[in-house]
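Here are my notes for someone opening this entry for the first time. Please read them with the model in view.

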Amino acid sequence: MIFRRALQREFAQTAAAVFVALFAILISTVLIRLLGQAAGGRVPADAVAALIGFGALAQLPTVLTLTLFIAILVSLSRSYRDSEMVVWFASGVPLTAWIRPVLMFAVPLVIVIGAGSLWLSPWSQLKSAEYRERLDSRDDTHRVAPGVFRESSGAQRVFFVEIGAGEDGRVRNVFVSEQTRSGELVVIVSAEGYLRSDEEGRRYVVLDKGRRYDGKPGTPEYRVMEFERYEVMVEQKQVITQQARVRALPTEALLASADKRSLGELVGRFGMPLVALLLALMAIPLSFVNPRAGRANNMLIALLVYLLYSNAISVFQSWVGQGKLGFVPGLLLPHLVVIGVLGLMFYKRLAVSPFWRRRT
């Protein structure tokens, strides 16, 4: 009982620290990518927080899988370095005795990972895609930001507002540049502007006290028009619903469809909890550390194992999606290979004289 409680407590403490570190790395990576897109005008600044949340939820099963693997590996490696394993082995506790406490700690997390892989991750990706579609369908007035040149969705206009809207809803020092289909350049500058809507819900951009310049670049022929009030109706875009990607489809829809791409996606979703469970067990023999040797050797091997395993799942998922392999072989083969390797690793740590070293 003391043995199990000590392991459970150390696993939980290490897992909490590892999860915080990995989740912070994930959030930082997504934040940097989205801030770059926001600076380039591809993503509105007010949408960054929501997209970060969707991205974090989509990657949560992967983060939990790595957390489980690293937490067990680090905890048992510390026991080897501090010679606690020697004490347990001398007390008659075999290496296989760690399987039960590891499973007791891993199974609840594996269930959470499975739920995230089957339902949470597809839901977050679907909501992220729908949110991006709504952002792309907004009219050009939502793209205007003070002090920044912004391009319209159709890449035909460039907007610039020096001072943003105040309490009266007006912006100051407005610049609009538009390239017409005939090749003419239209430049409009005004002292201030605002938005208004009529009774039918149509929106208009109203510019006060400005000038309009019309002409072809490279020629001296330009028309100049001064105005006190200039109105332009804003084209209302319809929300374009694209066909949902396979990754964003619910698991129930994939099971009902059962085509090649759907089956390939199911290989990845059903494989995620199996990967987490087998990596948790593999951390037991991988945690062996020789106190006289380097302390990071097993961590490097564990990282290599995880990369090979995850890439193998992706390869089999692609083969099933392309119809080169059946669903059942694609789902089971990589995990059966890992189970075989896991058995050999336990045998190596338990056998006094491995069969490959015996002499007849």
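**Notes on the model**

1. Start with the surface. The protein exposes about 20,900 Å². Carbon and sulfur atoms supply 61% of that area. Keep in mind that this is a predicted model.

2. Next, the overall make-up. The secondary structure comes to nine helices and six strands. The protein has 360 residues, and 37% of them count as buried. Take the contacts with a separation of 6 or more: residues 24 or more positions apart account for 58% of these.

3. Now the interior. The largest nonpolar core has 40 residues. Leu-68, Ile-72, Leu-76 and Trp-98 have the most contacts inside it. Two or more residues come from each of these elements: H1 (2-39), H3 (60-81), H5 (99-136), H7 (260-286), H8 (297-321) and H9 (327-350). Helix H7 gives the most, with ten residues. As general background, nonpolar side chains in soluble globular proteins tend to be buried together.

4. Which residues does Leu-76 touch, not counting residues up to four places away in sequence? They are Leu-7, Phe-11, Met-85, Trp-98, Ala-283, Ile-284 and Ser-287. Leu-76 is worth selecting on screen, as one of the residues with the most contacts inside the largest core.

5. There is another core, apart from the largest one. This other core has twelve residues. Val-30, Ile-52, Phe-54 and Ala-56 are among them.

6. Helix H3 deserves its own point. Of its 22 residues, 16 are buried, so H3 is largely enclosed by the rest of the structure. Its length also checks out. At 1.5 Å a residue, H3 should span 32 Å, and its end C-alpha atoms are 31 Å apart, which agrees. After H3 comes Ser-83, with a positive phi near 65°.

7. Leu-60 is placed in H3. Leaving aside neighbours within four places in sequence, Leu-60 is in contact with Phe-19, Phe-23 and Leu-120. Its C-alpha atom is 7.6 Å from that of Ser-121, although the two residues are 61 apart along the chain.

8. Turn to the strands. S3 (residues 171-179) and S4 (residues 185-197) pair in the antiparallel sense, over eight bridges. Val-176 stands opposite Ile-188 in S4. The two strands, S3 and S4, form a hairpin with five residues between them. In the turn, Gly-183 has a positive phi of about 95°.

9. Check Lys-209 too. Its phi is near 55°, a positive value in a residue other than glycine. Lys-209 is in strand S5. At 55% relative accessibility, Lys-209 counts as exposed.

10. Charged pairs come next. How many salt bridges does the structure hold? It holds seven. In general, side chains of opposite charge can pair when their charged atoms come close.

11. Look at Glu-226 and Arg-211. Their side chains meet in a salt bridge, at 3.0 Å from N to O. The pair links distant parts of the chain: Glu-226 is in strand S6 (residues 222-233) and Arg-211 in strand S5 (residues 203-215), 15 residues apart. Glu-226 is exposed, with a relative accessible area of 55%. Arg-211 is partly exposed, at 37%.

12. Arg-223 forms a salt bridge with Asp-214. The closest N and O atoms of this pair are 3.8 Å apart. Are the two partners buried or exposed? Arg-223 is exposed, with a relative accessible area of 51%. Asp-214 is buried, with a relative accessible area of 9%. Both residues also belong to a network of salt bridges that links Glu-184, Arg-212, Asp-214 and Arg-223.

13. Finish with a pair inside one helix. Arg-269 forms a salt bridge with Glu-265, the closest N and O atoms being 3.1 Å apart. Both lie in helix H7, four residues apart, about one turn of the helix. Arg-269 counts as buried because its relative accessibility is 2%, and the limit for buried is under 20%. Glu-265 counts as buried as well, at 11% relative accessibility. H7 is also the helix that gives the most to the largest nonpolar core.

How values were computed
Residues are numbered from 1 along each chain as its sequence is written. This is a predicted model: local features need pLDDT of at least 70, side-chain atom pairs count only at pLDDT 80 or more; totals for chains, interfaces and linings use all residues. Side-chain values use heavy atoms; hydrogens and water are left out. A nonpolar core is a set of buried Ala, Val, Leu, Ile, Met, Phe, Trp, Tyr and Cys residues joined through side-chain atoms within 4.5 Å. Buried means under 20% relative accessible area, exposed over 50%, partly exposed in between (1.4 Å probe, protein chains only). Contact means heavy atoms within 4.5 Å. The expected span of a helix is 1.5 Å times one less than its number of residues. A salt bridge is a side-chain nitrogen of Lys or Arg within 4 Å of a carboxyl oxygen of Asp or Glu. Accessible areas come from the Shrake-Rupley method with a 1.4 Å probe; for residues, only the protein chains shown count as cover. Two strands pair if DSSP finds at least two bridges between them.
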